[in-house]
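Work through the exercises below on charged side-chain pairs. Try each task before reading its solution.

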Amino acid sequence: MQVINKRVDELVMYENNARRNDAAVAKVADSIKQFGFLNPITIDANNVIISGHTRLKAAIQLGMEEVPCVVTDLSDEDAKLARIVDNKSHEYATWDVGKLHKELSGINLGFKTTFFTPSQDQKFFKENKFLIFGSNQMPITEDEFSRLKAVYDAYIEKHKTYIGFVMWLTGGDAE
């Protein structure tokens with residue numbers, strides 16, 4: 001597999017891309033700023049994107065003129081399937097919370113990344129003092145809110161992420 005640089009204005013967004021990715025662009029841009037381009041954009045011989053629409057949008061947001069690409073010669077049918085598989089495959093993965101905590105321990109996240117900021121990613125506590133479970137709202141008292149918020153804050157302080165909080169709170173083990 002050969003990685004080549006292509007001008008962003010040469011690349012073509014696939015017009016039938018079914019993935020809504022605009023909400024992820026800023027996070028991907030932050031990642032590219034911090035770590036560089038870790039995964040090249042996959043394109044066909046006509047510069048149409050097979051995978052990497054969000055990366056291209058992030059690169060454009062960052063004002064990049066060129067991005068790393070891999071050119072593949074998939075059939076039209078296989079390219080369509082590859083787009084879907086690339087976007088769907090993460091939905092089948094889960095986190096091993098114990099390993100994630102171990103991996104995050106000792107890392108001072110500080111302002112290095114926006115991926116682990118519970119105040120931005122997950123509004124667990126609402127000002128109206130409801131716990132939200134899917135489409136269900138469960139009202140809680142001020143005392144319940146204060147006690148649960150303290151436990152939540154302590155969990156985040158210890159683990160540096162909110163991931164796994166509900167599993168831990170309900171007595172579940174890491175995967």
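**Salt bridges**

The whole structure holds five salt bridges (a side-chain nitrogen of Lys or Arg within 4 Å of a carboxyl oxygen of Asp or Glu). The model is predicted: local features need pLDDT of at least 70, side-chain atom pairs count only at pLDDT 80 or more, and totals for chains, interfaces and linings use all residues. Residues are numbered from 1 along each chain as its sequence is written, and side-chain values use heavy atoms, with hydrogens and water left out.

**Exercise 1.** Find the partner of aspartate 22 and place both residues.

*Solution.* Start with the atoms. Aspartate 22 pairs with lysine 57, the closest N and O atoms being 2.7 Å apart. Next, place them. Aspartate 22 sits in the loop between strand 1 (3-7) and helix 1 (25-35), lysine 57 in helix 2 (residues 53-61), so the bridge ties together parts 35 residues apart in sequence. Helices (H or I, at least four residues) and strands (E, at least two) are DSSP runs, numbered from the N terminus. Finally, check accessibility. Aspartate 22 is exposed at 57%; lysine 57 is partly exposed at 26%. Buried means under 20% relative accessible area, exposed over 50%, partly exposed in between (1.4 Å probe, protein chains only).

**Exercise 2.** Describe the spacing of aspartate 30 and lysine 33.

*Solution.* Their side chains form a salt bridge at 3.8 Å, N to O. The two residues are three apart in helix 1, about one helical turn. Aspartate 30 is partly exposed at 24%. Lysine 33 is exposed at 61%.

**Exercise 3.** Which residues are linked with Arg7 in a network?

*Solution.* Take one pair: arginine 7 bridges to aspartate 9, with closest N and O atoms 3.3 Å apart. Then extend: Asp9 and Glu65 are linked with Arg7 in a salt-bridge network.
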